Amino acid sequence: MVWGKLPEMIVREVDPFNAESPRSALAQGPLTAIEAFYVRSHGPVPNIDPAAWRLTVDGLVERPTTFTLAQLRDQFSQHDVVATLQCAGNRRAGLMAVRDIPGELPWGPGATSTAQWTGARLCDVLVAAGADPQVEHLAFEAPDFSRTASPPQAFGSSIPLAKAWCEEVLLAWAMNGAPLPAVHGGPVRVVVPGYIGARSVKWVNRISVRHEPSDNYYQALDYRLLPADADLNTARPGEGLSLGLIALNSAILSPDDGAIVPPGPTTVTGYAMAGDDRGVARVDVSCDADDSWRQAQLEAQLSPWTWRLWSIELHLSPGHHQITARAWDTAAALQPERAAHLWNPRGYVNNAWANIHLTVTG
Ligand SMILES: Nc1nc2c(c(=O)[nH]1)N[C@H]1C(S)=C(S)[C@@H](COP(=O)(O)O)O[C@H]1N2
Ligand SMILES: [Mo]
């Protein structure tokens, strides 16, 4: 398999390379191994010599600065943050089952993975450059060129400056203790915990402090939640909701959907994820068409910025079963029940209750 990934990865696209983590690999534990971490790319992976990489910080700053990797490592203290990345298109397949979404990848629940990221705090770099704290947006640029953007262009995005000043946002050069692999943005990427994956720009080479959000295609047009009746052919930049904060979500990881399991107890496991400063408060599981619910056991959370794995032991009779899981967050919000109510033209934020079907042998 390319890029050192597991052969079990579910490859959604070969060029550019897009691969989903298998449920079984995510179920292994709260940290995802690098070889199992999902990959989402809009263009070819650039081959960047770490010694030649440069990061320019400019825009509304007192001291526009260009850093080498060595300068970034030497001038700023190093921090670790364990954070889950989740693509806004995670679980899109559930929306495609409602109505077709042409031209988009049919992600299951594995466009989500968790790693320990190591690097400099973005806020420290902003202080060094003398960023204007009153200004509202921070735009990221990268060199990878997307042929499918309209018009074709390099990848970029932005975040509100209020988030950029938060300690958890990193310019990361390591992942799970290893140098950041090229496919995940090496030598250096942005990691914006709690925000959709698209804001964690890989191979970042320019950061600009601005009054307006980035006008890059992936900020102004893509990664926006349009109303169900919007027409993609006439959608204007800035239309719909800009996706930033991750929405409350959950998925079942084991058994696999469609599994055949022996009689006796069945352990069902999964993940639940809450956005920004909310936590996962509870996960309910039903095996009787949502008539009754039992609470799953939540595993410890490695940081405020990660999913929580959960598990429950069910005693199922021989035959066919549908298992449903749903999460509640610390604001007592519950996931929406049905994907049909969430359908949108680009297929983002499917956070409907999770289902699998399984058969217990007699
Ligand atoms: N430069 C660049 N950064 C990028 C992307 C990209 O295509 N180019 N994809 C984004 C999206 S949509 C996601 S979900 C995450 C995925 O990160 P990963 O490939 O390391 O899992 O990277 C984001 N950063
Ligand atoms: Mo994404």
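Ser 157 is buried in this predicted model, with a relative accessible area of 0%, and it belongs to strand E8, which covers residues 153-160. Two histidines, His 184 and His 321, are also buried, at relative accessible areas of 2% and 12% respectively. His 184 is in addition one of the residues that come nearest to ligand 1, whose space is the largest cavity.

**Ser 157 and its surroundings**

- Because buried means under 20% relative accessible area, the value of 0% places Ser 157 in the buried class.
- Setting aside residues up to four places away in sequence, Ser 157 touches Leu 138, Ala 139 and Phe 140, together with Ala 198, Arg 199, Val 201, Ser 214 and Gln 219.

**Ligand 1 and its site**

- There are 20 residues around ligand 1, and those that come nearest are Tyr 38, Asp 144, His 184, Arg 189 and Lys 202.
- Polar backbone atoms approach oxygen atoms of ligand 1 at two residues, with a distance of 3.0 Å for Arg 40 and of 2.8 Å for His 42.
- A nitrogen atom of ligand 1 lies 3.0 Å from a backbone N or O atom of Ser 200.
- Taken alone, ligand 1 exposes 540 Å², and the protein buries 100% of that area.
- The space that ligand 1 takes up is the largest cavity.

**His 184**

- His 184 is located in the loop that runs between strand E10 (178-179) and strand E11 (189-191), and its relative accessible area of 2% makes it a buried residue.
- The side chain of His 184 forms a polar contact with the side chain of Lys 5, at 2.7 Å.
- Apart from residues up to four places away in sequence, His 184 touches Lys 5, Ile 34, Phe 37, Tyr 38, Val 39, Met 175, Arg 189 and Lys 202; Tyr 38, Arg 189 and Lys 202 are also among the residues that come nearest to ligand 1.

**His 321**

- His 321 lies within strand E22, which spans residues 319-329, and it counts as buried because its relative accessible area is 12%, where the cut-off is under 20%.
- A polar atom of the His 321 side chain is found 2.6 Å from the backbone oxygen of Ser 317.
- Leaving out neighbours within four places in sequence, the contacts of His 321 are Cys 287, Leu 316, Ile 356, His 357, Leu 358 and Val 360.
- His 321 and Thr 359 are separated by 38 residues in sequence, while their C-alpha atoms are 6.1 Å apart in space.

Conventions:
Residues are numbered from 1 along each chain as its sequence is written. Chains are lettered from A and ligands numbered from 1 in the order in which they are written. This is a predicted model: local features need pLDDT of at least 70, side-chain atom pairs count only at pLDDT 80 or more; totals for chains, interfaces and linings use all residues. Side-chain values use heavy atoms; hydrogens and water are left out. Helices (H or I, at least four residues) and strands (E, at least two) are DSSP runs, numbered from the N terminus. Buried means under 20% relative accessible area, exposed over 50%, partly exposed in between (1.4 Å probe, protein chains only). A polar contact is a pair of N or O atoms within 3.5 Å; within protein, one must be able to donate a hydrogen and the other to accept it, and residues adjacent in sequence count only if both atoms are side-chain atoms. Contact means heavy atoms within 4.5 Å. A residue is near a molecule or strand if one of its heavy atoms lies within 4 Å of it. Accessible areas come from the Shrake-Rupley method with a 1.4 Å probe; for residues, only the protein chains shown count as cover. On a 1 Å grid over the protein atoms alone, a cavity is a set of points where a 1.4 Å probe fits but cannot get out, and a pocket is an open set with protein on both sides within 12 Å along at least five of seven lines; lining residues have an atom within 4 Å of a point. A molecule sits in a cavity or pocket if more than half of its atoms lie within 2 Å of its grid points.
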